[in-house]
Amino acid sequence: MKLKELESCLQQVDVFEDPKLLLEQYPTSPHIAARMLYTIHNSFDDIESRLVADLGCGCGVLSVGAAMLDAGLCVGFDIDEDALEIFSRNAEEFELTNIDMVQCDVCSLESDRFYNKFDTVIMNPPFGTKHNKEAFSFISWHLELPISHL
């Protein structure tokens, strides 16, 4: 898939209807998401046929993009039920079968449980403008994952 085609598709992904400030919800722009995923896919070969984790997936723009680039399976993790409802609608709208989601607080998961489970981890983490400690924990958990492709 060409970069412009991926970006065009990601422009159709629904985003937050009412973002939750305390969760620092903000949509990843189709432009940034497409370039990020395209680079991971074409420069590093870390999307196609890979098991991809999308931490803090929100409405699923990165997961949808990874699935469009033929990830073996992309699993989105998010704490917010409302965001995952939008994610689910997006997956259905694009008729993606290589995508799934899990509602959880990724900071409360034990990273050992995911040892060598995912090939690639993608995320657009919180900036920590509202809850610095939680944002740091979120990013730290990601860095503890013993996987080969970050």
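Start at the end of helix 3: the helix is followed by D70, whose phi is positive, near 70 degrees. Helices here are DSSP runs of H or I with at least four residues, strands are runs of E with at least two, and both are numbered from the N terminus.

The model is predicted, so local features need pLDDT of at least 70 and side-chain atom pairs count only at pLDDT 80 or more, while totals for chains, interfaces and linings use all residues. Residues are numbered from 1 along each chain as its sequence is written, and side-chain values use heavy atoms, with hydrogens and water left out.

**Stop 1: two positive phi values**

Stay on D70. It sits in the loop between helix 3 and strand 2 (73-78). D70 is a residue other than glycine, yet its phi is positive. Most residues other than glycine have a negative phi. D70 is partly exposed, with a relative accessible area of 46%. The classes are: buried under 20% relative accessible area, exposed over 50%, partly exposed in between, with a 1.4 Å probe and protein chains only.

Now select S49. Its phi is also positive, about 65 degrees, and S49 is not a glycine. Look for S49 in the loop between helix 2 and strand 1 (51-55). Is S49 buried or exposed? S49 counts as exposed because its relative accessibility is 60%.

**Stop 2: the whole chain**

Zoom out and colour by secondary structure. The protein has 5 helices and 4 strands. Along the sequence they follow the pattern α-α-β-α-β-α-β-β-α. Of the 150 residues, 45% count as buried. Take the contacts (heavy atoms within 4.5 Å) with a separation of 6 or more: residues 24 or more positions apart account for 71% of them.

**Stop 3: helix 3**

Select residues 61-68, which form helix 3. How many residues of helix 3 are buried? The count is 8 of the 8, so helix 3 is largely enclosed by the rest of the structure. Click through V61, L62, S63, V64, G65, A66, A67 and M68: these are buried.

**Stop 4: helix 1 on helix 3**

Add residues 3-10, helix 1. Two packed helices are described by the angle between their axes and the distance between the axes. Axes are lines fitted to C-alpha atoms, for helices over the stretch in contact, and angles run from 0 to 180 degrees between N-to-C directions. Helix 1 and helix 3 pack at about 135 degrees, with axes 10 Å apart. That makes helix 1 oblique to helix 3. Angles under 35 degrees count as roughly parallel, over 145 as roughly antiparallel, 65 to 115 as roughly perpendicular, and the rest as oblique.

The crossing of helix 1 with helix 3 is right-handed. In a right-handed crossing the near helix is turned clockwise from the far one by less than a right angle; anticlockwise is left-handed. Show side chains for L6, C9 and L10 of helix 1, and for V61, V64, G65 and M68 of helix 3; they make the contact. By class, this contact has 6 nonpolar, 1 polar and no charged residues. Ala, Val, Leu, Ile, Met, Phe, Trp, Tyr, Cys and Pro count as nonpolar, Asp, Glu, Lys and Arg as charged, and the others, Gly among them, as polar.

**Stop 5: helix 1 on helix 2**

Keep helix 1 and add helix 2, residues 30-44. The angle is about 135 degrees, and the axes are 9 Å apart. Helix 1 and helix 2 are therefore oblique to each other. Helix 1 passes helix 2 in a right-handed crossing. From helix 1, pick L3, K4, L6, E7 and L10; they meet P30, H31, A33, A34, R35, L37 and Y38 of helix 2. This contact has 8 nonpolar, 1 polar and 3 charged residues.

**Stop 6: helix 2 on helix 3**

Hide helix 1. Helix 2 and helix 3 pack at about 45 degrees, with their axes 10 Å apart. That makes helix 2 oblique to helix 3. The crossing of helix 2 with helix 3 is right-handed. Which residues meet in helix 2 and helix 3? A33, M36 and L37 of helix 2 meet V61, L62, G65 and A66 of helix 3. By class there are 6 nonpolar, 1 polar and no charged residues in this contact.

**Last stop: the cysteines**

Return to C9. It counts as partly exposed, at 22% relative accessibility. Then select C57, which counts as buried at 8% relative accessibility. A search of the whole structure finds 0 disulfides, a disulfide being a pair of cysteine sulfur atoms within 2.5 Å. C57 is in no disulfide, and the nearest cysteine sulfur, that of C74, is 8.3 Å away.
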